[in-house]
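Biologist: I'd like to go through this model with you and ask, for each label, what earns it. Can we start with the word "buried"?

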Amino acid sequence: MKEIVDVLWFMGQSNMQGQSGTLPTDNSAVQNAFEYRYFGDKLQPLQHPVGEFIKKDGNEGWDVPIDCVADQIREWQSTHALGASCTKGINLVPKFCESYTKVTGKKVIAVHTAKGATVVDDWLPDNPVYMTAWKKMQKAVECIKRTYTIDKIYIAWLQGESDAIAGTTKQTYMDKMIELKNNAKADFGVDKFGIIKVGKFTTTNRDEVIFDAQETLPLIDSDFLMLTRITEDLIPDPTYINPYARGHYNGLGQEKIGTHAGTNLALMIMGKEPIYK
């Protein structure tokens, strides 16, 4: 009989991709956790850096250097569908999975699909980000099933800053999020869609529109869960922010978000009250 695992599907923009620029002192692999890699079609022990650079044509892409110029960023954005943690730094995935496994006692497989500067519309059908993420997830499920039996699939979502910049309305954001969730549910049997609430990015009332949409979704659709609001505290505190990337979390911030969100997801699916903000 095959061992049972849960699949944690990480989706979002630059803060889900990871913009910390640093690695932890101890980069040991997370116990009872693996990451699916599209290139090589394999499972490997989960540790930093997480994710893959995948171009829109399906080929392997390249990292964005910390001292890059605007033309390099534009080229990267135009050619890439998904990105790994930038400059091989920390992102939230390992701490999320570590916290989740400690609470549930289950083994997990992480699938990371993120790209900076994406709006929610990029995650809907006929867009390169959507098509590449879906293809990676499809290959991941096939790979996992060769060794394990999948019990549950959960999404962890950290995105919305670009929709605040774009002035996306509350209703439009919610409608597209529900469409995204319904697609994931129909295509992969996703059980719950967990939202990590974004922090202030534009510092205008456009942020509040996205905050309101993200808070409302779990109230009107039980498929959504609010995993954590800790970003509200982290964004104003320079202790947790990358000084070279405004509005982006450093290693400490990424790990704190991951710990809070992973613990709360585990508790909520077990029918318990979340313990973190």
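Modeller: Sure. Buried means under 20% relative accessible area, exposed means over 50%, and partly exposed is what lies in between, all with a 1.4 Å probe and protein chains only. Before we use that, note that this is a predicted model, where local features need pLDDT of at least 70, side-chain atom pairs count only at pLDDT 80 or more, and totals for chains, interfaces and linings use all residues. Residues are numbered from 1 along each chain as its sequence is written, and side-chain values use heavy atoms, with hydrogens and water left out.

Biologist: Then why is Ile144 called buried?

Modeller: Its relative accessible area is 0%, so Ile144 counts as buried. Ile144 lies in helix α4, and its C-alpha is separated by 8.2 Å from that of Tyr36, although the two residues are 108 apart along the chain.

Biologist: What makes α4 a helix?

Modeller: A helix is a DSSP run of H or I with at least four residues, a strand is a run of E with at least two, and both are numbered from the N terminus. α4 has 18 residues, so it passes that rule. From its first C-alpha to its last, α4 reaches 26 Å, close to the 26 Å expected at 1.5 Å a residue. The expected span is 1.5 Å times one less than the number of residues.

Biologist: How does α6 do on the span test?

Modeller: Helix α6 (residues 170–188) has 19 residues and reaches 27 Å, close to the 27 Å expected. Just after α6, Gly189 takes a positive phi of about 70 degrees.

Biologist: Which residues are buried in these two helices?

Modeller: In α4 they include Val129, Thr132, Ala133, Met137, Ala140, Val141 and Cys143. In α6 they include Tyr173, Met174, Met177, Leu180 and Phe188. Two lysines are buried as well: Lys136 in α4 and Lys181 in α6.

Biologist: Let's do aromatics. What makes two rings a pair?

Modeller: Rings of Phe, Tyr and Trp (its six-membered ring) pair if their centres lie within 6.5 Å; planes under 30 degrees apart are stacked, over 60 edge-to-face, and the rest tilted. By this rule the count comes to eleven aromatic pairs.

Biologist: Why is the pair of Trp9 and Phe188 called edge-to-face?

Modeller: Their centres are 5.4 Å apart, and their planes are at 85 degrees, so both tests are met. This pair links distant parts of the chain: Trp9 is in strand β1 (residues 3–12) and Phe188 in helix α6, 179 residues apart. Both Trp9 and Phe188 are buried.

Biologist: And why is the pair of Tyr130 and Trp134 called stacked?

Modeller: The ring centres of Tyr130 and Trp134 are 4.3 Å apart and the planes are at 25 degrees, so this pair is stacked. Both residues lie in helix α4, four residues apart, about one turn of the helix. Tyr130 has a relative accessible area of 11% and is therefore buried; Trp134, at 8%, is buried too. Ring pairs link Trp9, Tyr130, Trp134 and Phe188 into a cluster.

Biologist: How do you know that Arg246 lies over the face of Phe201?

Modeller: The rule asks for NZ of Lys or CZ of Arg within 6 Å of the ring centre and within 35 degrees of the ring normal. Arg246 is at 4.8 Å from the ring centre of Phe201 and is placed over its face.

Biologist: Are Asn32 and Lys88 buried, partly exposed or exposed?

Modeller: Asn32 has a relative accessible area of 44%, so it is partly exposed. Lys88, at 57%, is therefore exposed. Neither is a glycine, yet phi is positive: about 60 degrees for Asn32 and about 55 degrees for Lys88. Asn32 lies in the loop between α1 and β2 (33–37), while Lys88 lies in the loop between β5 (80–82) and α3.

Biologist: What kind of peptide bond joins His48 and Pro49?

Modeller: A cis one, with omega about -5 degrees. Pro49 is found in the loop between β3 (42–45) and β4 (54–55).
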